[in-house]
There are 2 protein chains.
Amino acid sequence: MGMNIVIIGSGNVATHLGRALAAEENVVQVYSRTIGNARLLADRVGCSATDSVADIVPDADVYVFSVKDDVLPALAGSIRSTNPDAVFLHTAGSVPMEVFKGNAERYGVLYPMQTFSKDREVCFREVPCFVEANDPATLQLALDLACRVSDNVRELSLEKRKTLHLAAVFACNFPNHCYHLAERILSDAGIDFSVMLPLIDCTAQKVHSTEPRLAQTGPAVRNDQTIINRHLSLIDDDMMRQIYTLMTQSIINANTNKS
Amino acid sequence: MGMNIVIIGSGNVATHLGRALAAEENVVQVYSRTIGNARLLADRVGCSATDSVADIVPDADVYVFSVKDDVLPALAGSIRSTNPDAVFLHTAGSVPMEVFKGNAERYGVLYPMQTFSKDREVCFREVPCFVEANDPATLQLALDLACRVSDNVRELSLEKRKTLHLAAVFACNFPNHCYHLAERILSDAGIDFSVMLPLIDCTAQKVHSTEPRLAQTGPAVRNDQTIINRHLSLIDDDMMRQIYTLMTQSIINANTNKS
């Protein structure tokens with residue numbers, strides 16, 4: 001039987017969470033302001049699609065909002081359910097659940113912490129999910145729902161979720177950008193980025209068993225100014241040079257303050 | 001039979017390369033200015049140890065220098081072999097092979113590109129190794145030696161090796177430092193760093209099949225200034241805030257210039 005769920009949004013998180021939920025519950029509709037995107041996800045989960053807020057299924061059990069943070073308040077305000085027990089959930093790391101206050105009696109958050117890309121499969125069962133809700137019954141519903149799709153679910157307050165989101169930017173977005181900068185450096189020299197993959201993998205694996213500060217290697221942690229200056233002389237791009245300088249200094253500081 | 005090899009150095013690279021070489025050739029001696037470190041490695045590979053330059057085996061076939069870049073020139077100058085065919089190799093990413101000029105007739109580089117820590121096992125066969133030498137016969141010897149320990153060996157000029165070394169700092173040292181900063185953020189909130197590991201692994205895996213720029217997610221690539229400012233307000237540490245600001249701007253630029 002399962003709950004009737006409406007997915008509001010069709011981006012990376014909506015796509016992966018929507019598909020994971022559809023395997024366990026009844027995803028009855030996908031809304032996106034772009035009908036083509038709504039249809040893409042709706043076709044994958046086997047439900048209807050709409051780009052009209054007025055046409056959103058009014059009596060679903062759960063509405064999952066997975067849209068850009070800055071459109072969430074307006075969208076939340078424009079959707080009312082005829083079901084007084086309907087639960088509104090959003091999936092954002094840094095937005096308070098009170099964004100739903102006044103639009104629903106029961107609301108909360110289901111934040112899946114992972115880097116999702118539409119075309120890339122993820123094993124959702126391994127994605128850590130963090131849940132919060134405005135009353136105990138809604139919390140239990142949100143926890144149950146999260147546990148249907150993930151083996152790694154816990155309750156977490158807004159304050160801690162914000163901290164987690166910030167840490168995730170450092171653990172995921174910034175390393176990924178460093179990979180991009182490495183790729184640019186290599187491509188200027190005609191070297192394929194794939195040569196870096198064993199190093200990238202090993203760097204990620206190391207911190208499974210070693211504290212990151214102790215896992216550090218390279219010229220900065222050795223404070224090898226000869227190599228650092230040689231590297232800086234190789235960098236043409238001003239912002240890349242700033243990043244090299246700042247990260248190097250921060251590595252030196254981390255090593256000096258704590259060792 | 002195999003070649004007689006002396007390992008000069010006892011650090012992370014010396015330890016892993018020395019052990020890999022010892023499984024294939026005759027490592028006859030380990031030199032370190034700290035006898036305890038020399039003995040540690042010598043015991044693992046089953047050879048003698050010394051902390052005296054004067055006692056270094058004079059007639060070995062190959063001398064592998066794996067020491068800090070700034071002590072390499074002086075050390076290279078203080079060691080002479082009685083074997084006129086002896087090959088001097090160093091393992092540094094950014095040092096010219098000519099550091100050996102005048103001290104040996106045959107010399108070159110064997111640069112293993114990986115993040116080594118002494119206590120952590122690595123599969124050396126998967127480590128990309130980059131080789132250069134001062135004449136064709138020495139190049140062949142260095143390539144052969146590298147192929148005994150790695151399945152991923154290629155010849156590379158100094159200029160390209162320098163570029164590779166710089167890219168490796170971006171692909172390995174800086175991401176690892178970002179992991180450290182994430183750990184600091186989490187530990188201040190009483191959250192265990194292990195919660196980040198699925199995200200870190202997925203971020204590394206993604207760039208095996210997706211260009212890093214296209215794999216990017218998070219507030220910076222969406223140019224979500226609300227979240228970016230909320231994150232900045234959570235960061236107490238001045239240098240960490242500078243890193244957040246600079247990396248965020250660099251991600252925004254990368255996305256603006258090329259998409």
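Two strands are said to pair if DSSP finds at least two bridges between them, and strands themselves (E, at least two residues), like helices (H or I, at least four residues), are DSSP runs numbered from the N terminus. By this rule, strand β5 (residues 87-90) of chain B is joined to β6(B) by four bridges, and the two run parallel.

The structure is a predicted model, in which local features need pLDDT of at least 70 and side-chain atom pairs count only at pLDDT 80 or more, while totals for chains, interfaces and linings use all residues. Residues are numbered from 1 along each chain as its sequence is written, chains are lettered from A and ligands numbered from 1 in the order in which they are written, and side-chain values use heavy atoms, with hydrogens and water left out.

## Strand β6 of chain B

Within the pairing of β5 and β6 in chain B, His90(B) has Val109(B) as its bridge partner in β6(B). β6(B) also pairs with β7(B), here in the antiparallel sense and over five bridges, and Tyr111(B) stands opposite Phe130(B) in β7(B). Seven of the seven residues of β6(B) are buried, so the strand is largely enclosed by the rest of the structure; buried means under 20% relative accessible area, exposed over 50%, and partly exposed in between, with a 1.4 Å probe and protein chains only. In a regular strand the side chains alternate between the two faces of the sheet. In β6(B), Arg106(B), Gly108(B), Leu110(B) and Pro112(B) point one way, whereas Tyr107(B), Val109(B) and Tyr111(B) point the other way, and all are buried.

## The two copies

Chain B is superposed on chain A by a rotation of 180° with 0.0 Å of shift along its axis, at an RMSD of 0.0 Å, the fit being made by least squares on the C-alpha atoms of residues with pLDDT of at least 70 in both copies. The two copies are thus related as by a two-fold rotation axis. The same surface serves both copies, since 100% of the contact residues of chain B recur in chain A, where contact means heavy atoms within 4.5 Å. Of the residues of chain B, Pro175(B) comes closest to the rotation axis, its C-alpha lying at 2.2 Å.

## Nonpolar cores

A nonpolar core is a set of buried Ala, Val, Leu, Ile, Met, Phe, Trp, Tyr and Cys residues joined through side-chain atoms within 4.5 Å. The largest one has 124 residues, and those with the most contacts inside it are Leu164(A), Phe170(A), Met196(A), Leu164(B), Phe170(B) and Met196(B). Leaving aside neighbours within four places in sequence, Phe170(B) is in contact with residues including Cys178(A), Tyr179(A), Ile185(A), Met240(A) and Pro175(B). A second, separate core of 33 residues includes Phe124(B), Val127(B), Leu141(B) and Leu145(B).

## Salt bridges

A salt bridge is a side-chain nitrogen of Lys or Arg within 4 Å of a carboxyl oxygen of Asp or Glu, and a search of the whole structure finds 18 of them over all chains. Three are listed here.

| Pair | N to O distance |
|---|---|
| Arg148(A) and Glu25(A) | 3.0 Å |
| Arg184(A) and Asp237(A) | 3.4 Å |
| Asp151(B) and Arg125(B) | 2.9 Å |

In the pair of Arg148(A) and Glu25(A), Arg148(A) counts as partly exposed at 38% relative accessibility, whereas Glu25(A) counts as buried at 7%. Glu24(A), Glu25(A) and Arg148(A) are linked in a network of salt bridges. Arg184(A), with a relative accessible area of 23%, is partly exposed, and so is Asp237(A), with 32%. In chain B, Asp151(B) counts as exposed at 59% relative accessibility, while Arg125(B) is partly exposed at 31%.

## Aromatic pairs

Rings of Phe, Tyr and Trp (its six-membered ring) pair if their centres lie within 6.5 Å, and planes under 30 degrees apart count as stacked, over 60 as edge-to-face and the rest as tilted. A search of the whole structure finds 20 aromatic pairs over all chains. The rings of Tyr63(A) and Phe88(A) have their centres 5.2 Å apart and their planes at 55°, so this pair is tilted. Tyr63(A) lies in strand β4 (residues 62-65) of chain A and Phe88(A) in strand β5 (residues 87-90) of chain A, so the pair ties together parts that are 25 residues apart in sequence. Phe88(A) and Phe100(A) form an edge-to-face pair, 5.6 Å centre to centre with 85° between the planes, and both of these residues are buried. Ring pairs link Tyr63(A), Phe65(A), Phe88(A), Phe100(A) and Tyr107(A) into a cluster.
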